[in-house]
Amino acid sequence: MSEITRERLFGFRHAFDDPVTIVLTLTALTLFLLAPVLILVATRAANSTSDKRKELWDRYRSWIWLALFILIPVLAGAFWTIFAVATLSFLCYREYARITGLFRERTISLIVVIGILFIAFAALDNWYRLYVALFPLTVALIAIGGLIPDQPKGYIQRVGLGVLGFALFGSALGNLGNMANDWNYRPILLLIIFAVELNDIFAYICGHLFGHRKFVPNTSPNKTVGGALGAIALTTPLVAVGGHFIWSGTALDTPVRLLGLGIIVSIVGQFGDLMLSSIKRDLGLKDTSKLIPGHGGILDRFDSLILVAPAVFHYVNYVVGFAVGQPQQIFSGWQI
Amino acid sequence: MEPWDLQPAHDTGLTPSERFRSVRRESGLLESLAHQVCFSLLRSYFAIGHRLTIVGREKLPTHGPFVLAANHCSHLDALALGAALTPRHRERAFPVAAGDVFFQTRVTSTFSAIMLNALPMWRKNCGPHALADLRRKLQEERAIFIIFPEGGRSRNGSMMPFKHGLGMLVAETNVPVVPCGLTGTFEALPPERNIPRPVVITLTIGDPLQFPLTANDRTGWSEVAASVESRVRDLAGQSRAA
């Protein structure tokens, strides 16, 4: 393993090399310090019920854990980042399989889990061709695995659910792991995750302030056109400014391309949210699980990120390229 | 195309600790793996440590639902019965364990659920709905229950009368009850000991009994309990003789 790879995978000393990482980490810390004051003031002013107050504090405590789950691996190194992304993929797939009933199809579930493991390996190995090959190969394996019970009844359903699960939580979400192969992955990942989560909050706040017209009343009755447009208006400049500092002097560093990146994050993020709303409404559920107090399930929290990951990866990869100059096939390419 | 028949897990909407204590719990891939590993290790332990002999294994139905009912005089009983099942059976096997012993704290309930796939039976305030849930689970999920109808461990090794909860699970159904006689577990791990002694354990499995015509009421339940109790008593005697 070359020195540059070792430093990228495990070199926590480089955690704050990029100013954007410092700014984002400090912003997150400031928000966590300010939030209790805001919660206290808001609940006093609104004379909230004790249930509402408890929910807000649950949410706040859970956010601290979630932030640690994101910040520590990203700052610690690419190895830990890819490990955390794989964990997230597994947890999301687990919830998806349980709410859809796919978990009872043990063969298909096992193939999806193995597929996610390989996706994580391909990202860790920086072997992009394997990553690309894994999607059609895993889909083929799922189609074969569906034959094993020798029961044509329900074949399309179980195979279809398996392919959707792998596509969303293995292949699509796995792009976050792929991004960690870039030398300067820390600010990129933090900016995207930060922007996607803020995008949800912006949509919520703008929806309350200027939302009148319902956006998709059958899918998600609380979403409004005002909220969606407000989120785009606020998230886009945030991503564009952050992106300007991260990719300064590269082909991406033009106003149009940076705004394009921001619009992608905001719009695709909202579609990810709606996608999970659709899945839950189809199943007649409110939350995907009760794993995170105040939030629901892991999927409820990270739904917006699922579709953003491939969109951002391919946009940036097309314009400037990811992992330029980084050694490939770190582990699989060893010569004996 | 057939209508969509995949349903969310029955335990959807429960917090992790509620889920471990719920009879609606359904295992996922990792938990199934944990049960399989745990029971494979137990099987080796019983084979080496207690020279577990199983008489009449061919009498076990090939698939669930069925109920294994045995005499109870030691904590080893449920483990020995679980270890006697084939890997195919273990996937759906649930030892029904005392809630106040195995599901009292978060640590014990997590262990009982993940490693043993146990379901809680709350002895003090177990209403009829708890047994109705188990009865439904048995049939809908084609489950295999390992139960001890005496309602607790015998403190002196001699069998106590069966309670009629067993009848509430199987009366008026075709679910077979497989009577089992266990010997040696009391000598291996009596209530006052913490570490088992290497005593030989014998498990004798009897012919399955079915109660489709027995009424699902108090008299019927007592009938079921009495008939299974007499079979288990015989089998325990046979085990001892063997």
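Start in chain A and select helix 4, helix 5 and helix 7: each of them supplies at least two residues to the lining of the second largest cavity. This is a predicted model, so keep that in mind as you click around. The void itself is about 50 Å³. To see its walls, pick A:Ile82, A:Val85, A:Ala86 and A:Ser89, then A:Ile116, A:Ile119, A:Ala120 and A:Ala123, and finish with A:Phe169, A:Gly170, A:Gly174 and A:Gly177. Colour them by class and you get eight nonpolar, four polar and no charged residues.

Stay in chain A for the largest cavity, at about 140 Å³. Centre the view on A:Ile70, A:Ala84, A:Val85, A:Leu88 and A:Ile193, which lie nearest its centre among 13 lining residues. Now show helix 3 (50–76), helix 4 (78–100), helix 9 (185–210) and helix 12 (298–319) of chain A, the elements that give two or more residues to this lining. What classes do the lining residues of the largest cavity divide into? Here the split is 12 nonpolar, one polar and no charged. You have now visited two of the cavities; the structure holds three of 30 Å³ or more.

Next, bring chain B into view and go to the second largest pocket, with about 1,500 Å³ of space. Select A:Arg104, A:Glu105, A:Arg106, B:Glu91 and B:Arg92: of the 40 lining residues, these lie nearest the pocket's centre. Helix 5 (106–125) and helix 7 (155–172) of chain A give two or more residues to the lining, and so do helix 2 (29–49) and helix 4 (87–90) of chain B. Which element gives the most to this lining? That would be helix 2 of chain B, with four residues. Colour the lining of this pocket by class and 11 residues come up nonpolar, 16 polar and 13 charged.

From there, hop to helix 6 of chain B, residues 106–116. Show B:Ser109, B:Ser112, B:Ala113 and B:Leu116, its buried residues. Why do they sit on the same side of helix 6 of chain B? Because they cover an arc of only 115° around the axis. The general rule is handy here: an α-helix has 3.6 residues a turn, so residues three or four places apart point the same way. Spin the view to the other side of helix 6 of chain B and you'll find B:Arg106 and B:Val107, both exposed. Back on the buried side, add the packing partners: helix 1 (16–20), helix 2, helix 3 (76–84), strand 3 (93–98) and helix 5 (99–102) of chain B. Just after helix 6 of chain B, click on B:Asn117 and check its phi, which is positive, near 60°.

Last stop: strand 6 of chain B, residues 173–183, where 10 of the 11 residues are buried. Strand 6 of chain B has three pairings to look at:

- Strand 2 (residues 66–70) of chain B runs parallel to strand 6, joined by four bridges. Select B:Val67 and its bridge partner B:Val177 to see one of the pairs.
- Strand 7 (residues 202–205) of chain B is antiparallel to strand 6, again over four bridges. Try B:Thr183 with its partner B:Thr202.
- Strand 8 (residues 209–211) of chain B also pairs with strand 6 in the antiparallel sense, over two bridges. Here, look at B:Thr173, which stands opposite B:Phe211.

How values were computed
Residues are numbered from 1 along each chain as its sequence is written. Chains are lettered from A and ligands numbered from 1 in the order in which they are written. This is a predicted model: local features need pLDDT of at least 70, side-chain atom pairs count only at pLDDT 80 or more; totals for chains, interfaces and linings use all residues. Side-chain values use heavy atoms; hydrogens and water are left out. Buried means under 20% relative accessible area, exposed over 50%, partly exposed in between (1.4 Å probe, protein chains only). Two strands pair if DSSP finds at least two bridges between them. On a 1 Å grid over the protein atoms alone, a cavity is a set of points where a 1.4 Å probe fits but cannot get out, and a pocket is an open set with protein on both sides within 12 Å along at least five of seven lines; lining residues have an atom within 4 Å of a point. Grid points are joined across faces, edges and corners, and a volume is the space filled by probe spheres set on the points. Ala, Val, Leu, Ile, Met, Phe, Trp, Tyr, Cys and Pro count as nonpolar, Asp, Glu, Lys and Arg as charged, and the others, Gly among them, as polar. The arc is that of the directions from the helix axis to the C-beta atoms. Contact means heavy atoms within 4.5 Å.
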